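Trainee: Good morning. I am new to this structure and would like to go through it with you. May I put some short questions as we look?

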Amino acid sequence: MSVEPALLAGETAVPPPKPGLAGRLARDGSIIFGAAVILLMALMGVTAPWLGTKNPSEINPAFRNRVPGIEQTIRNDDGTARTFTYRMGTDSLGRDVYSRVVYGARISLVIGITVAVISVVIGLFIGLVSGYIRWIDAIAMRLMDGLMAIPAILLAIALVSLFRAGLMSVIVAIIVPEVPRVVRLVRSIVLSVREEPYVEAAICAGTPTHLLLFRHVLPNTIPALIVQGTFVCASAILLEAILSFLGIGIPPETPTWGNIMAEGRGLFRIYPHNIFFPGICLALTVLAVNVLGDGLRDRLDPKLARRV
Amino acid sequence: MLGYILRRLLATLPVMLIVAVFVFLMLRLTPGDPAAIIAGDNANSEQVSLIRNRLGLDEPIFTQFFIWLANILHGDFGESFFFKKTVTELIASRIEPTLALSLATIMIAVTIALPLGVLAAYKQGTLIDKIVMGFSVLGFSVPVFVIGYSLIYLFAIKLNWLPVQGYQRMADGFGGFLQRLILPAVTLSVIYVALIARMTRTSVLDVMNEDYIRTARAKGQVEIKVLFKHALKNAAVPIITVIGLGVALLIGGVVVTESVFTIPGLGRLTVDAVLARDYPTIQAVILLFSLVYVLINLVVDLTYTLFDPRIRY
């Protein structure tokens with residue numbers, strides 16, 4: 001389920017917690033925890049071939065639907081035998097679930113980070129321009145209102161149905177619902193910053209608009225964008241998993257956590273391991289990104305922290 | 001007030017128009033001739049041109065849009081390619097499960113989330129507060145289908161208390177209807193509880209230092225009444241706003257939950273329609289859900305006056 005930090009933006013002021021050593025530790029603790037888990041997952045994805053895995057797409061019809069921990073003796077051509085342990089069992093095509101889960105970290109993180117970066121860049125551009133140029137604002141904001149009226153998952157599902165299934169179409173389908181939220185955020189910052197004396201001074205000094213936006217307005221949006229970016233990342237990882245799980249995301253032979261779970265749906269009653277292992281990885285990763293976002297918000301954007 | 005309602009209703013028109021344009025362009029942007037897609041693989045060229053004529057596909061694109069829009073405003077969403085029924089019939093037959101699931105979810109979520117949020121605010125900074133907030137972050141992070149399958153595994157397979165999947169119409173027996181509704185509704189309510197509890201906590205904390213809270217306590221009001229009557233009521237506006245905005249999450253969750261629990265509702269219909277590339281159905285479902293979302297938030301805006309008489313329109 002997608003997290004919508006924009007929903008929380010409306011929350012109003014709370015008395016800030018007492019700043020103390022314990023409080024600070026707790027605050028940075030969430031950044032450390034979040035970053036550590038994400039790094040671990042990234043490491044797992046990068047080093048997947050060396051983690052005792054086999055080809056995640058290799059089908060083994062003779063060894064389907066085995067429970068976690070089962071061993072198979074493989075005879076090599078030269079007569080020697082070795083055993084391979086299926087740590088998380090096999091799915092209904094005999095593929096090694098452990099290998100698929102390890103490789104699945106790659107897709108999730110790539111999608112999360114790509115969507116976050118692209119959405120933030122596009123949203124930043126539209127938000128800056130529409131916060132500063134009135135006639136563009138009128139058009140852009142109506143368009144964003146329209147896009148935001150369609151629930152995010154539904155919009156992504158609709159977009160996926162337009163393209164051929166694949167990594168790129170999933171990324172595009174997730175970016176489109178995320179962009180309006182970034183635009184709203186950037187625009188609101190621009191609108192408040194443009195009243196600041198130093199911006200007015202820059203206008204009086206005859207600074208050209210593009211330079212004004214780039215040099216004086218843009219830096220104000222960075223902390224909020226870093227925070228928003230992490231939430232977009234969490235939301236994108238979840239959305240990809242949902243699309244894959246529903247069978248309309250990335251092609252099913254690609255090992256993604258959503259696909260592994262989609263594959264395990266049919267035989268869930270007998271072999272729940274196909275759902276639980278990728279589910280735990282997915283939940284842990286999204287939790288880490290969300291916790292990191294919360295920690296970064298407290299750190300970088302105290303104004304927002306007081307609100308949420 | 002009436003003037004405000006009218007103005008707000010008018011303001012939703014451009015939003016819905018943009019949604020309609022987007023949904024209209026969907027079918028036009030797909031590669032291939034929509035008439036050929038609708039006619040199917042076995043149609044001859046005469047049938048295709050007949051359909052093209054009926055849909056007005058020979059007209060310029062603007063005219064096409066208005067023909068399409070006029071049809072929709074008359075309740076005619078066209079014919080489903082896949083289910084071989086009119087889309088209107090199709091949707092009508094799928095509304096009950098979705099409506100039942102959504103209403104049950106909202107009821108469960110509000111009943112759990114409000115006391116949780118108030119409790120967290122009352123015990124601010126304590127372990128209870130941290131647990132509630134931790135649960136809230138967790139609720140945002142665990143995908144709805146993982147929650148769904150975990151609950152099925154625990155309550156249906158291991159404990160055998162509830163049916164695993166499926167849906168029973170209310171007309172076919174209320175007991176069975178309720179039994180099959182509990183697990184999906186609880187599943188779907190988790191993220192909603194997380195959202196509402198978090199907002200309730202923030203919002204209640206916000207009013208706890210107000211004079212009227214001190215006054216209520218000073219006159220000897222019972223603490224529980226101070227919290228739920230004085231604090232919660234004054235904190236209501238942001239909470240109701242987030243309940244309204246959360247409907248977007250709910251709609252997204254319905255799509256997934258109905259797939260997990262094999263409930264024949266609108267969410268399942270959406271997925272089936274996408275898998276079958278059944279564009280008229282996809283269009284209709286998106287328009288319908290977006291309209292519901294926009295209207296619910298309009299109603300939410302209007303209820304502000306009930307909770308906060310200072311807000312006048």
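Mentor: Certainly. A definition is needed before counting: helices (H or I, at least four residues) and strands (E, at least two) are DSSP runs, numbered from the N terminus. Please also keep in mind that this is a predicted model.

Trainee: How many helices and strands are there in chain A?

Mentor: Chain A contains 11 helices and two strands. Read from the N terminus, its elements run α-α-β-β-α-α-α-α-α-α-α-α-α.

Trainee: What share of chain A counts as buried?

Mentor: Of its 308 residues, 46% count as buried. As for contacts in chain A between residues at least 6 apart in sequence, 72% of them join residues at least 24 apart.

Trainee: Let us turn to the two chains together. How many residues of each are in contact?

Mentor: The contact involves 55 residues of chain B and 49 residues of chain A. On the side of chain B that touches chain A, several helices each supply at least two residues, among them α1 (2–29), α7 (144–158), α12 (247–260) and α14 (279–307) of chain B.

Trainee: And how do the residues on that side of chain B divide into nonpolar, polar and charged?

Mentor: They divide into 39 nonpolar, 13 polar and three charged.

Trainee: Which helices offer an example of packing across the two chains, and at what angle?

Mentor: Consider helix α5 (residues 152–162) of chain A and α12(B), whose axes are 7 Å apart and which pack at an angle of about 50°. The two helices are therefore oblique to each other. Ala152(A), Ile153(A), Leu154(A) and Ile157(A) of α5(A) make this contact with Ala248(B), Ile251(B), Gly252(B) and Val255(B) of α12(B). Seven of these residues are nonpolar, one is polar and none is charged.

Trainee: Back to α7(B). How far does it reach?

Mentor: The 15 residues of α7(B) reach 20 Å from the first C-alpha to the last, close to the 21 Å expected at 1.5 Å a residue.

Trainee: Where does α7(B) bend?

Mentor: The bend is at Ile152(B) and amounts to about 30°. Ile152(B) is also one of the buried residues of α7(B), which include Val144(B), Phe145(B) and Tyr149(B) as well.

Trainee: What do those buried residues pack against?

Mentor: In chain A, the buried residues of α7(B) pack against α8 (209–245), α9 (257–264) and α10 (273–300), and in chain B against α8 and α12. After α7(B) comes Asn160(B), which has a positive phi, near 60°.

Trainee: Why is α11(B) described as largely enclosed?

Mentor: Eight of the 10 residues of α11(B) are buried, so the rest of the structure largely encloses this helix. Val237(B), Ile240(B), Thr241(B) and Leu245(B) are among those buried residues.

Trainee: Now a pair within chain B. At what angle do the axes of α5(B) and α13(B) cross?

Mentor: The axes of helix α5 (residues 87–122) of chain B and α13(B) cross at roughly 130° and come within 7 Å. These two helices are therefore oblique to each other. In α5(B), Leu90(B), Ile91(B), Arg94(B), Ile95(B) and Thr98(B) meet Leu266(B), Gly267(B) and Leu269(B) in α13(B). The residues of this contact divide into five nonpolar, two polar and one charged.

Trainee: And the loops? Where does Pro264(B) lie?

Mentor: Pro264(B) lies in the loop between α12 and α13 of chain B. This proline counts as partly exposed, with 17 C-beta neighbours inside 10 Å. Neighbours within four places in sequence aside, Pro264(B) is in contact with Arg94(B), Pro97(B) and Tyr167(B). From Pro264(B) to Glu96(B), 168 residues apart in sequence, the C-alpha to C-alpha distance is 9.1 Å.

Trainee: What about Thr262(B)? What is its phi near?

Mentor: Thr262(B) is found in the loop between α12 and α13 of chain B, and its phi is near 40°, a positive value in a residue other than glycine. Most residues other than glycine have a negative phi.

Trainee: One last loop residue. Where does Arg277(B) lie?

Mentor: Arg277(B) lies in the loop between α13 and α14 of chain B. Arg277(B) is partly exposed, with 14 other C-beta atoms within 10 Å. The C-alpha atoms of Arg277(B) and Phe82(B) are separated by 8.3 Å, with their positions 195 residues apart along the chain.

Definitions and conventions: Residues are numbered from 1 along each chain as its sequence is written. Chains are lettered from A and ligands numbered from 1 in the order in which they are written. This is a predicted model: local features need pLDDT of at least 70, side-chain atom pairs count only at pLDDT 80 or more; totals for chains, interfaces and linings use all residues. Two residues are in contact if their C-beta atoms, placed from the backbone, lie within 7 Å. Ala, Val, Leu, Ile, Met, Phe, Trp, Tyr, Cys and Pro count as nonpolar, Asp, Glu, Lys and Arg as charged, and the others, Gly among them, as polar. The expected span of a helix is 1.5 Å times one less than its number of residues. The bend at a residue is the angle between axes fitted to the seven residues ending there and the seven starting there. A residue is buried if 20 or more other C-beta atoms lie within 10 Å of its own, exposed if 12 or fewer, and partly exposed in between; C-beta atoms are placed from the backbone. Axes are lines fitted to C-alpha atoms, for helices over the stretch in contact, and angles run from 0 to 180 degrees between N-to-C directions. Angles under 35 degrees count as roughly parallel, over 145 as roughly antiparallel, 65 to 115 as roughly perpendicular and the rest as oblique.
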